[in-house]
Amino acid sequence: MTEGNDRIQNFIDGRYVEPLAGAYLDNIEPATGKPYSQVPDSRPEDVELAVTAAEKAFEQWSRTPSAERSTILLRLADAIERDLEKFALAESIDTGKPVSLARNLDIPRAVSNFRFFATAILHTENEAHVTDGVAFNYTLRQPRGITGLISPWNLPLYLLSWKIAPAIACGNTAVAKPSELTPMTAHLLGEACNQAGLPPGVLNIVHGTGPHVGQAITAHPKITTISFTGGTVTGRKVAETCAPMFKKMSLELGGKNPNIVFADADLDAAITGSVRSSFANQGQVCLCGSRIFVQRAAYQHFVDGLVDKTSKLRIGDPLEPTTEQGAIVSKTQLEKVKFYVDLAQQEGGRVALGGRAPEQINDRCRDGYFFQPTIITGLAVGCRTNREEIFGPVVSITPFDDEEEVIRYANDCDYGLASSVWTQNLSRAHRVAEQIQTGTVWVNCWLLRDLRVPFGGMKQSGVGREGGNEALHFFTEPKNVCIAK
Ligand code: NAP
């Protein structure tokens with residue numbers, strides 16, 4: 001347990017406060033299956049308090065010069081970086097991910113999010129249009145008011161900061177809700193905000209469940225902008241609540257991402273990259289490539305290589321520095337993974353690796369939610385295992401013959417978040433990238449991120465884009481001013 005944090009509190013108006021009804025939920029450590037802290041089980045009244053604070057803070061914050069907002073956000077990034085070890089430990093305990101991943105990836109990326117948007121707001125440009133010598137138009141981009149920011153459990157601080165940073169950098173205030181499964185890093189963030197001198201009420205964090213807190217945020221009439229990341233089913237509910245109120249929404253939803261390996265690829269690089277894209281964070285990254293398609297001439301070599309490299313991943317206590325595969329986030333999620341591995345076998349799949357829990361890790365982790373990285377072969381492209389998002393350490397590999405066939409396979413899916421293509425043929429890379437229906441196409445890489453590029457999904461993977469200018473535009477209201485000559 002992180003010292004002194006056994007009971008998490010809401011962060012409202014710059015202060016840590018108890019939930020009004022005094023109710024708490026156990027916060028379970030996935031590696032042990034035991035509660036290690038408590039998280040507020042907040043209600044709409046707590047959201048109301050946060051909205052009041054955010055509304056009051058908006059008056060001043062929206063008029064604060066961008067250079068000043070920038071300085072405060074940079075100080076916030078510094079504060080997180082100073083406490084990187086504390087944040088990484090909290091994230092590892094909360095999520096079950098290896099502490100090395102939290103330390104080297106998640107927390108540094110959260111720091112980058114704040115730095116990126118702190119400086120981006122210093123370099124924005126306003127559009128101007130001259131209308132045939134009769135008028136002059138310019139576009140004012142103004143903060144939209146109180147934003148509602150809802151995030152999932154897989155990359156808790158990274159995804160929440162990806163929303164908070166652009167929202168408040170643009171002069172909005174925020175009511176944020178992290179997943180109740182992984183609240184600890186958001187809890188620590190309040191302290192960092194105060195150290196950075198963020199004015200009270202600019203960022204408010206209300207902990208609790210989706211049906212109570214998430215729903216209250218999306219339904220609140222004073223919260224006009226909703227940025228949501230989570231599953232497609234929940235996203236649909238969020239959209240249903242927001243649509244009649246004409247709220248501005250960004251929905252970053254689920255994925256079932258294709259990972260395509262052509263026989264002309266650098267196969268060593270493709271295998272190494274695919275181990276990461278399949279099993280990073282126990283496969284619990286929305287961008288993980290869970291449907292692998294390999295051209296027939298390279299199929300057996302690739303399967304053998306992937307099985308071999310994956311079997312060497314060190315599954316262990318997430319707090320051990322050498323662990324590469326930690327625990328699944330919750331018992332429910334573990335049951336879901338097991339369900340799909342059984343289903344895959346009923347659908348004719350063969351388990352080439354994994355398929356069950358590992359041997360006991362250590363005494364501390366004997367009741368933890370662990371599952372071996374699992375590789376399945378022999379499934380039909382259109383079966384349920386190949387269509388539905390599992391969100392765990394399970395991938396399926398299917399052979400294909402030619403480009404046209406694999407593009408059809410890749411697009412035969414309700415989701416469209418991201419894809420990877422491995423080939424040394426540049427023309428093919430361009431051709432395939434153009435035809436794949438996903439918001440991001442990685443060629444000869446995976447999860448290489450440039451924060452300036454639009455990020456988001458097609459089809460049922462979401463609506464809208466985040467990142468760079470997309471986020472700055474999303475969190476501002478464009479107003480055209482037309483001046484006649
Ligand atoms: P989830 O169950 O949809 O939950 C996401 C967030 O929404 C949580 O904070 C949740 O609260 C809240 N929520 C639940 N019901 C709500 C409601 N009725 N109204 C408003 N908010 C509500 O997703 P998850 O299981 O945490 O995360 C996994 C999913 O996220 C996967 O599908 C994954 O692909 C997706 N994801 C997408 C991206 C992307 O960028 N596209 C990135 C990461 C993850 P509780 O936790 O308290 O239920």
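**Exercise 1. Decide whether R431 is buried, partly exposed or exposed, and say which side chain R431 contacts.**

Solution. In this predicted model, the relative accessible area of R431 is 37%. Buried means under 20% and exposed means over 50%, so R431 with its 37% is classed as partly exposed. As for its place in the fold, R431 belongs to helix 13, which spans residues 426-435. The partner to consider is E403, which is 28 residues away along the chain, while the C-alpha atoms of R431 and E403 are separated by 9.3 Å. The two side chains nevertheless meet, since a polar contact of 2.7 Å joins the side chain of R431 to that of E403, within the 3.5 Å limit for such a pair.

**Exercise 2. Identify the residues that come nearest to the ligand, and describe the polar atom pairs that involve S151, T234 and L253.**

Solution. The ligand has 31 residues around it, and those that come nearest are S151, E180, T234, L253 and E389. Taking the pairs in turn, a backbone N or O atom of S151 is placed 2.8 Å from a ligand oxygen atom. For T234 the polar atom belongs to the side chain, and it lies 2.6 Å from an oxygen atom of the ligand. With L253 a polar backbone atom is again concerned, but here the ligand contributes a nitrogen atom, at 2.7 Å. The accessible area that the ligand has on its own is 900 Å², and the protein covers 89% of it.

**Exercise 3. Work out which elements and which domains supply the shell around the ligand, and how its residues divide by class.**

Solution. Begin with the secondary structure: two or more residues of the shell come from each of helix 7 (210-219), strand 10 (223-229) and helix 8 (232-242). Then turn to the domains, where at least three residues are drawn from domain 1 (6-253 + 461-484) and at least three from domain 2 (258-449). By class, the shell is made up of 14 polar, 12 nonpolar and 5 charged residues.

**Exercise 4. Describe the largest nonpolar core, and place F117 in the fold.**

Solution. The largest nonpolar core contains 69 residues, and the residues with the most contacts inside it are I80, F114, L189, L203 and L287. Helix 4, residues 99-120, gives this core its largest share, namely 9 residues. Both domain 1 (6-253 + 461-484) and domain 2 (258-449) contribute at least three residues to this core. In soluble globular proteins, nonpolar side chains tend to be buried together. Turning to F117, this residue is also located in helix 4, and its relative accessibility is 0%, so F117 counts as buried. Across the fold, F117 and A165 are 48 residues apart in sequence, yet their C-alpha atoms are 6.0 Å apart.

**Exercise 5. Find the sign of phi at F391 and at K459, and compare the two residues in place and accessibility.**

Solution. Most residues other than glycine have a negative phi. Against that background, F391 has a positive phi of about 60° although it is not a glycine, and K459, likewise not a glycine, has a positive phi of about 50°. F391 is found in the loop that runs between strand 15 and strand 16 (394-400), whereas K459 is part of strand 20, residues 458-459. The relative accessibility of F391 is 16%, so F391 counts as buried, while K459, at 35%, is partly exposed.

**Exercise 6. For the loop residues Q372 and G33, determine the accessibility class and the C-alpha distance to a residue remote in sequence.**

Solution. Q372 sits in the loop between strand 14 (350-353) and strand 15 (374-377). Its relative accessibility is 16%, and because buried means under 20%, Q372 counts as buried. In sequence Q372 and I315 are 57 residues apart, and their C-alpha atoms are 7.6 Å apart in space. G33, for its part, lies in the loop between strand 3 (24-29) and strand 4 (34-40). At 26% relative accessibility, G33 counts as partly exposed. Finally, G33 and C365 are 332 residues apart along the chain, with a C-alpha separation of 7.8 Å.

How values were computed: Residues numbered from 1 in each chain as written. Predicted model: local features only at pLDDT ≥ 70, side-chain atom pairs only at ≥ 80, totals over all residues. Heavy atoms only, no water. Near = heavy atom within 4 Å. Polar contact = N/O pair within 3.5 Å; in protein donor to acceptor, adjacent residues only side chain to side chain. Areas by Shrake-Rupley, 256 points an atom, 1.4 Å probe, with all protein chains shown as cover. Helix = DSSP H or I, 4+ residues; strand = E, 2+ residues; numbered from the N terminus. Nonpolar A, V, L, I, M, F, W, Y, C, P; charged D, E, K, R; others polar. Domains from an automatic or database assignment. Core = buried A, V, L, I, M, F, W, Y, C linked by side-chain atoms within 4.5 Å. Buried < 20%, exposed > 50% of the residue type's maximum accessible area, 1.4 Å probe, protein only.
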